[in-house]
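Reader: I'm new to this one and would like a close look at a single part. Could you take me through the sheet and whatever sits around it?

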Amino acid sequence: PWGIAVSAARHEPGRNPRCYFAPMVGADAPKRVSLADVARRAGTSHSAASRALNGRPGVRPDHREAVLAAAAELGYIPNTSARNLVMQRTGLVALAFGEPDVLVGSTFFADLLSNIVSRLDDSGYRTVLLLPNADRLRSIADVVYPRAFDGALVVGHRSGDGLIDRFVSCGIPTVTLGRPLADVRASYVDV
C-alpha cells in the first residue's frame, strides 16, 4: 500500500500534489570532505590541519596556508557534530515556553524569539523549541536529561510546573525571562 501511495504522490508535470517525495540520495551522492582529506591534500598531519583550520598556534605558516588552500579547493565544511563530540558539548540551547500561548497574538515574543535564535546562531548554537503544555510537561523528561543541552531559556513558566527545576536538576545552565515564580537556582532577565 505504501508503494502505491508514494508513487501516486510523486510529482507529475502539470499536477499540484499535496505531498512530494523527493528521490532518496543514493550511493552516487558526493562524499563529504573530511578533515583527513584536507590534511592528506595539504601534506600535513590531521592535528596540524585541525589547528590550522581553527586558527590555533603551533602550525608553521606554510602548512597553515597549504591547509587553508586545500580546504577551499575541496570545499571542506567542518562537521559540527564531530567538533561538539570532541568538545563535549551539544551545540544546542533549549528555548522552552512553559505557556505556549504567549507566542500567539504578541509580536513582542515573536521579535524576541527571532533575536534570540539569531544571536545563538551567530554564536554557533542551534535552538530547540520546546512547547510543553500542562498535559505534555511530563514528556519533557524524555528530552531534557543531563548534557542534552548546553543551556536553556525558559519563557512563560508557571508556578509549580517543574519545567525550570527539570533543567536545573539536570545541570543545564538555565535562564528565565522574567523572575522565577518559585525559589529555583536559575538566573533570570526581567524586562
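**A look at the sheet and its surroundings**

Author: Keep in mind that this is a predicted model. Before we get to the sheet, take a quick look at Arg 89: its charged end sits over the ring of Tyr 125, 5.0 Å from the ring's centre.

Now for the sheet. It's an open one with five strands, and going across you meet them in the order 2-1-3-4-5, paired in parallel. At the edges stand strand 2 (126-130) and strand 5 (187-189); each has a single partner strand, so one side of each is left without a neighbour in the sheet. On average, neighbouring strands are turned by 25° against each other, ignoring direction.

Zoom in on strand 1 (residues 92-97), which runs parallel to strand 3 and is joined to it by five bridges. Here you'll find Ala 96 opposite Val 154 of strand 3. Packed on the sheet is helix 6 (residues 107-122), which touches strand 1, strand 2, strand 3 and strand 4 (174-177). The direction of helix 6 makes about 170° with that of strand 1.

Next, the loop between helix 7 (140-143) and strand 3 (151-155), where Phe 149 sits. Phe 149 belongs to the structure's one aromatic pair. Its partner is Phe 167, and the ring centres are 6.5 Å apart with the planes at 65°, so the pair counts as edge-to-face. Phe 167 lies in helix 8 (residues 163-169), 18 residues from Phe 149, and the pair links these distant parts of the chain. Phe 149 is buried, at 6% relative accessible area, and Phe 167 is buried too, at 0%.

How values were computed
Residues numbered from 1 in each chain as written. Predicted model: local features only at pLDDT ≥ 70, side-chain atom pairs only at ≥ 80, totals over all residues. Heavy atoms only, no water. Phe/Tyr/Trp six-rings, centres within 6.5 Å; stacked < 30°, edge-to-face > 60°. Helix = DSSP H or I, 4+ residues; strand = E, 2+ residues; numbered from the N terminus. Buried < 20%, exposed > 50% of the residue type's maximum accessible area, 1.4 Å probe, protein only. Lys NZ or Arg CZ within 6 Å of the ring centre and 35° of its normal. Pairing = 2+ DSSP bridges. Axes fitted to C-alpha atoms, helices over the stretch in contact; angles between N-to-C directions. Contact = heavy atoms within 4.5 Å.
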